[in-house]
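Biologist: Please take a close look at the sheets of this model for me, with the packing around them. I would like every cut-off spelled out as you go.

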Amino acid sequence: MKDLLIGIDIGTSSGKACIIDQSGQMVDSVSIEYSSFSSQPDWVEQNPDNWYQAFIALMQKMKINGSFQKDRLAAISIAGQMRGLTLIGFNYQPVRPSILWNDRRCREEVAYILSTNQAMVELITGNPINTMCTLPKLLWVQKHEPEILKSTKALIFPKDYINFRLTNRTCTDRSDASGSSFYDIQKQEWSEEILNFYHLPIQLCPEIVPSTRLLGTVSSKASIDTGLPKDLPVVMGGSDSTIETLAIGLYNDKQCKIRLGTSGALSTIVDHLTGSHQYYCWSYLMPNRWMIDLNTRSCAQSVQWGKDLFFQQNPADYSSIYQIMMDEAKISPVGSKGLIFHPYLLGEDAPYWDSRLQGNLFGLNVSHQRSDIIRAIYEGTAYALMDAFSVFGEITQGFQEYIFVGGGVKNHLWLSIVVDVFGVKGLIPTHTDAAFGAAMVAGIGSGIFSSLEEAIGKCVRIEKTIDFSPEIHNSYKYFYKKYKKITQLIRYVSQMDEEKGGDKSGKNG
């Protein structure tokens, strides 16, 4: 009986794989780390073949675990990091290392796009332009490595390279295409207008295949390489950001995802677009649905900063230190004795998009202890998320579920603070990673699950819930207003430095 589904996530620093059965139960989960390399400042690259070798190693790990039962495998699907410029030559080999999303070499190209046609690009793509986007990376290659571009047959993204090695097809899906900045977010197709304006041939752009559609089957060569059965169905898959939303059951505009990760994030799924460019917007796994995404720059990053500031000499392991921080913060009352922390350690994205903003700890006096500062850090990240949340506008009125993900959900105090600031009930799913979501996509594309809704119904499980306190929520309303007032002062002071050349918009960095 073919009832097992494989999901893969080709991430920035690691690859993950899982196997689930047709009832949605996790059978196995494995991971492997790999590195990026940087031959010059601001450059971040990976060799696409290293992803494929990591993929093979993941298959081997599952074989060792005994979960890799070839006769039961029904399908496989891949998720992966977005925007990485991966160029395939006419000889069907990568023509250069992949330029990753966090590579910042293309600052001049970003400035060029903003000065030449910012309005058109942002209107068509529904996204701000910055160094993470694929378009400026492609323009960098066009300018600095023209011979490389001439030898390129197809442009794809990281997860597409694994699909290429498995099926010999160079394709992508809507979700990855929407991060490129040369994709029409409304028409859901490549934008000839943008490509023509920047003298880029549309022939470079791969065929767009829906995420849940069968792409092909595992070739004889790939079967020998990986151990996967020859002719195993390969379902297209998608970007890690959108596939992760499926893993937690996020698929309509009544739901909001709140991520307590290194950066903070707020996401929902909509069936129409407003034209606002104050958030990121990706095509979702299903046609005519979009994922809108807001970010704050320093969420868990701020907590880690607090750890490094106060516990640098502490010999305990990280998990013990974070437990100490949580225990100490519990001593401090709601509002941290009047301390207000602004987590602008790296500037801020939504709702200000201003890399000049600087962190701030307001209200210090001799009565404050370390415990108050730690609690203020937790509260400040919650205020920042609430501030970004306002960008959603009227959409928030329909939210009925708030699903929390990220490493921060392990910190019960921090999670409860965020829930109390928002005044919502928090849902914490059992499985939250993109590999799990990719296995669900494999099930949809192979017919194991009849629909997206059935896949969610069978696979997504809520591990725990956390309720907010109405009394504490009312207290936080006051402190949040105070946070907003101080933000106005911070922004005013930041503007005073503008003549020194500070970047005016975090969207451009």
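Modeller: Happy to; here is the setting, then each sheet in turn, then two backbone details in loops.

This is a predicted model, in which local features need pLDDT of at least 70 and side-chain atom pairs count only at pLDDT 80 or more, while totals for chains, interfaces and linings use all residues. Residues are numbered from 1 along each chain as its sequence is written, and side-chain values use heavy atoms, with hydrogens and water left out.

The chain has 16 helices and 23 strands (DSSP runs numbered from the N terminus: H or I of at least four residues for helices, E of at least two for strands). Its C-alpha atoms fill a box of roughly 70 × 55 × 45 Å along the principal axes. For 509 residues, a compact globule would have a radius of gyration near 23 Å, and the chain's value of 23 Å agrees with that (taken over C-alpha atoms; the rule is 2.2 Å times the number of residues to the power 0.38).

Let's start with the sheet of seven strands. This open sheet has the order E17-E18-E16-E15-E21-E22-E23, with mixed pairing (two strands pair if DSSP finds at least two bridges between them). Strands E17 (280-283) and E23 (462-466) stand at the edges; each has a single partner strand, so one side of each is left without a neighbour in the sheet. From one strand to the next, the twist averages 25 degrees (axes are lines fitted to C-alpha atoms, for helices over the stretch in contact, and angles run from 0 to 180 degrees between N-to-C directions). Looking inside the sheet, E15 (residues 255-260) runs parallel to E21 (residues 401-405), and five bridges join them. One residue pair to look up there is Gln255 with its bridge partner in E21, Glu401. Helix H9 (residues 240-247) lies across E15, E16 (264-270), E17 and E18 (290-296), at about 115 degrees to E15 (contact means heavy atoms within 4.5 Å).

Now for the sheet of six strands. It too is open and mixed in pairing, in the order E3-E2-E1-E5-E14-E13. At its edges are E3 (26-33) and E13 (214-217), each with a single partner strand, so one side of each has no neighbour in the sheet. Neighbouring strands here are turned by 20 degrees against each other on average, direction ignored. Strands E1 (residues 4-10) and E2 (residues 14-21) run antiparallel and are joined by seven bridges; in E2, Leu4 has Asp21 as its bridge partner. Helix H1 (residues 48-65) packs on this sheet, where H1 touches E1, E2, E3 and E5 (73-80), and its direction makes about 140 degrees with that of E3. Helix H5 (residues 158-167) lies across E1, E5, E13 and E14 (233-239), running at about 170 degrees to E14.

Two backbone details are worth a look while you have the structure open. Most residues other than glycine have a negative phi, and most peptide bonds are trans. Arg83, in the loop between E5 and E6 (86-89), has a positive phi of about 75 degrees although it is not a glycine. The peptide bond from Ala350 to Pro351 is cis, with omega near 0 degrees, and Pro351 is found in the loop between E19 (340-342) and E20 (360-362).
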